[in-house]
Amino acid sequence: MSEIPVVETDTPVDVTFDSLKLSPEVLKAIEEKGYTRPTPIQAEAIPALLEGRDLIGGSQTGTGKTAAFALPILSRLGKHQKTPRCLIIEPTRELARQVIEQLELYGKYTGLKSVLLHGGVGYGAQREALTTGVDIVVATPGRLLDHLGQKAMTLSKVEYLVLDEADRMLDMGFLPDVRRIIGYCPKKRQSLLFSATIPPEIERLSKWMLDDPLEFKIGGGRKPADTIKHSIYPVDDRQKFDLLVALLKKLDYHSVLIFTRTRVGADVIARWLDATGHGKVAVLHSDRTQKERDKAMADFKSGKCEILVATDIVARGIDITDVSHVINYDIPQHPEDYVHRIGRTGRADRSGDAVTIFTAGEKDHLAAIERFIGQEIPKSKLEDFEYNWSPVFDDGAPKKRKRNRNYGGEINYRWTKR
Ligand code: AMP
């Protein structure tokens, strides 16, 4: 593979959709959707993809990435045929669903047919769609391999292959499956790989999978969108939940996404919030059944639940428009997840607020995030909140410590402001 040409795509480009040589059917759908002009990544990627180039792209969320690959592929697929010619692999069911929804919207006048293949649901409807004949398959790796193993489908006519969120596939242990799937596709094809970071495993995969690709760095891939106001709220470990409640009281929210590190944590926080009168709280993580996951997402999207507590499964790429606030109850373990999580708000040029609750044990994680995004995140304190002293506060030990013995004989240190 020769040196990858790099195209930076964070400077707006003055082009219209009309000038991009997309098919009239696709243009009609975009117009109906109300998009007035391409986003920077669309303006750069669409012409290259229409020419048949392979592509490796950073995937900062909210940049219009999905349309950037969907519009040219839909334009090039032409008329409906009965064998899959486009395969899009996604790491999670939610992402797969979201991508197919966008594809169906942009492709509504093309007559092309698509199918969504993921686990957690029956095989019947998926098999039936495959038998009837589809042009586009959007799938998560496990279920796709099941169908391939059962010879319910073939990938031998695939012309367009999209591997989305490749670094997340790696984290989830899907890379061997992904390689097997790609092995079912013809060598001659157009391939696209999106990944927020390029660890050595992804680099190797990209060299194997792509042919002379164009590289897109979207906003450097690391910068949170300028429309997001983000801040850190340091607090003592034992006061995290109290601070969350106080923050919710203060924030003028209509839809809040709260991220926890663990699945159990998400359940506990949702239960506690329920108990403290925060209305119905939706929960989304991978231990929930598909039905529960769909319902949680639907209730949050429709506004039936104003709060969604989730693990990182929804941090990546999920497009819930109009999230007013993101709260990191636990700081993300991987720096790039910070950008993904807070990217759930402030999408497509709307403004949003992201708040991270931060405790003493998370100092290294915060430092890694700030290094990754190349900026310090401003620290805030909630007025009228009675903070306990904790080593997390930058100003170190409190000037004055009141040493109180409570009835249990435990020692409480109350943090007092200087
Ligand atoms: P994505 O980065 O693909 O998740 O897209 C983020 C959001 O931007 C989605 O809600 C899209 O519907 C929206 N979007 C994509 N392209 C455009 C565009 N050219 N103009 C306005 N909104 C767009």
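F385 is buried in this predicted model, with a relative accessibility of 15%. Its ring pairs with that of Y387 in an edge-to-face arrangement, the centres being 4.9 Å apart and the planes at 75 degrees. Y387 is buried as well, at 4% relative accessible area. A further ring partner of Y387 is F393: the centres are separated by 5.6 Å and the planes stand at 90 degrees, so this pair is also edge-to-face. F393 has a relative accessible area of 4% and is therefore counted as buried. Together, F385, Y387 and F393 make up one aromatic cluster. Over the whole structure, the search returns five aromatic pairs. Such pairs are described by the distance between ring centres and the angle between planes.

The table sets out the two pairs of this cluster.

| Aromatic pair | Centre-to-centre distance | Angle between planes |
|---|---|---|
| F385 and Y387 | 4.9 Å | 75 degrees |
| Y387 and F393 | 5.6 Å | 90 degrees |

**Charges over rings**

Aromatic faces also meet basic side chains in this model. K28 is placed over the face of Y109, 4.1 Å from the ring centre. R143 is placed over the face of Y123, at a distance of 3.7 Å from the ring centre.

**Helix α6 and its surroundings**

R143 belongs to helix α6, which spans residues 141-149 and whose buried residues are P141, R143, L144, L145, H147 and L148. The cover over these buried positions includes strands β3 (86-89), β4 and β5 (136-139), together with helices α5, α7 and α8 (175-183). After α6 comes K151, which has a positive phi near 55 degrees.

R143 is also among the residues touched by G119, the others being R93, T140 and Q290, when residues up to four places away in sequence are not counted. G119 itself sits in the loop that runs between β4 (114-117) and α5 (124-132). Is this loop glycine buried or exposed? At 16% relative accessibility, G119 falls under the 20% limit and so counts as buried. Its C-alpha atom lies 9.5 Å from that of D146, although the two residues are 27 positions apart along the chain.

Helix α7, one of the elements covering α6, comprises residues 166-171 and contains R168. R168 is buried, with 9% relative accessible area. Which side chain makes a polar contact with the side chain of R168? The partner is D337, at 3.1 Å.

**A buried serine in strand β7**

S191 is located in strand β7, residues 190-194. Its relative accessible area is 1%, so S191 is buried. The side chain of S191 is joined to that of R189 by a polar contact of 2.7 Å. Beyond neighbours within four places in sequence, S191 contacts D54, L55, L161, M209 and L210.

**Nonpolar cores**

In soluble globular proteins, nonpolar side chains tend to be buried together. The largest nonpolar core here has 56 residues, and those with the most contacts inside it are L243, L244, I258, L273, I307, V309 and I327. The greatest contribution to this core comes from helix α10 (residues 240-250), which supplies seven residues. The surroundings of L273 give a closer view: with residues up to four places away in sequence set aside, L273 touches F241, L244, L248, I258, H278, V281, I307 and V309. A second core, separate from the largest one, has 38 residues, including I41, A48, I73 and V99.

**Cysteines and overall composition**

How many disulfides does the structure hold? The number is zero. Among the cysteines, C185 is buried at 9% relative accessibility, and C305 is buried with a relative accessible area of 1%.

The protein chain comprises 14 helices and 16 strands. Of its 418 residues, 55% are buried. Contacts in the chain with a separation of 6 or more are formed in 75% of cases by residues 24 or more positions apart.

Note on methods: Residues numbered from 1 in each chain as written. Predicted model: local features only at pLDDT ≥ 70, side-chain atom pairs only at ≥ 80, totals over all residues. Heavy atoms only, no water. Helix = DSSP H or I, 4+ residues; strand = E, 2+ residues; numbered from the N terminus. Buried < 20%, exposed > 50% of the residue type's maximum accessible area, 1.4 Å probe, protein only. Polar contact = N/O pair within 3.5 Å; in protein donor to acceptor, adjacent residues only side chain to side chain. Contact = heavy atoms within 4.5 Å. Core = buried A, V, L, I, M, F, W, Y, C linked by side-chain atoms within 4.5 Å. Disulfide = S-S within 2.5 Å. Phe/Tyr/Trp six-rings, centres within 6.5 Å; stacked < 30°, edge-to-face > 60°. Lys NZ or Arg CZ within 6 Å of the ring centre and 35° of its normal.
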